[in-house]
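Please find below a short note on the structure, set out as numbered points. The points move from the chain as a whole to individual residues.

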Amino acid sequence: MLVALAAYADDFAVTTRALGGVIFFLLTAPISAHLLAKAAHGSGLKLWKMSVLDDYADERADRSVQ
């Protein structure tokens, strides 16, 4: 929607804000997805049955020993 707004708007300020919002979302979406996945794993949510590798399994085992 922001890209459509940038294409439709006649005002340069509106266009730059809309494109700035798109860039912000593109930069922050992978970070927030990673944090959500790590929080879900840390809370004990089971992995998908087709998962091949659990990179955080050793970290969870180390935390439970302490």
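1. Burial and surface. Of the 66 residues in the protein chain, 11% are buried. The chain exposes about 5,900 Å², and 68% of that area is supplied by carbon and sulfur atoms.

2. Confidence. The model is a predicted one, and its pLDDT averages 87 over the protein chain. A score of at least 70 is reached by 88% of the residues. Among the elements, helix H1 (residues 2-8) has the highest mean pLDDT, 95, whereas helix H3 (residues 57-65) has the lowest, 61. Any reading of H3 should be made with that value of 61 in view.

3. Secondary structure. The protein chain contains three helices and zero strands. Along the sequence, the pattern reads α-α-α.

4. Length of helix H2. Does the end-to-end distance of H2 agree or disagree with the span expected at 1.5 Å a residue? Helix H2 covers residues 12-42, which is 31 residues. The expected span is 1.5 Å times one less than the number of residues, so H2 should span 45 Å. The C-alpha atoms at its ends are 45 Å apart, and the two values therefore agree.

5. Bend and end of helix H2. At threonine 28, H2 bends by about 35°. Proline 30 follows within four residues of that position. Just after the helix, glycine 44 adopts a positive phi of about 100°.

6. Buried positions in helix H2. Which residues of H2 are buried? They are Thr15, Ala18, Gly21, Val22 and His41. As general background, an α-helix has 3.6 residues a turn, so residues three or four places apart point the same way.

7. Threonine 15. This residue lies in helix H2. Its relative accessibility is 17%; buried means under 20%, so threonine 15 counts as buried. With neighbours within four places in sequence left aside, threonine 15 is in contact with Ala6 and Ala9.

8. Valine 22. This residue, too, is placed in helix H2, and Val22 is among the buried residues of that helix. Which residues does valine 22 contact, once its neighbours within four places in sequence are left aside? The contacts are with Leu2 and Val3. The C-alpha atoms of valine 22 and methionine 1 are separated by 9.2 Å, although the two residues are 21 residues apart along the chain.

Definitions and conventions
Residues are numbered from 1 along each chain as its sequence is written. This is a predicted model: local features need pLDDT of at least 70, side-chain atom pairs count only at pLDDT 80 or more; totals for chains, interfaces and linings use all residues. Side-chain values use heavy atoms; hydrogens and water are left out. Helices (H or I, at least four residues) and strands (E, at least two) are DSSP runs, numbered from the N terminus. The bend at a residue is the angle between axes fitted to the seven residues ending there and the seven starting there. Buried means under 20% relative accessible area, exposed over 50%, partly exposed in between (1.4 Å probe, protein chains only). Contact means heavy atoms within 4.5 Å. Accessible areas come from the Shrake-Rupley method with a 1.4 Å probe; for residues, only the protein chains shown count as cover. pLDDT is the predictor's confidence in each residue, from 0 to 100.
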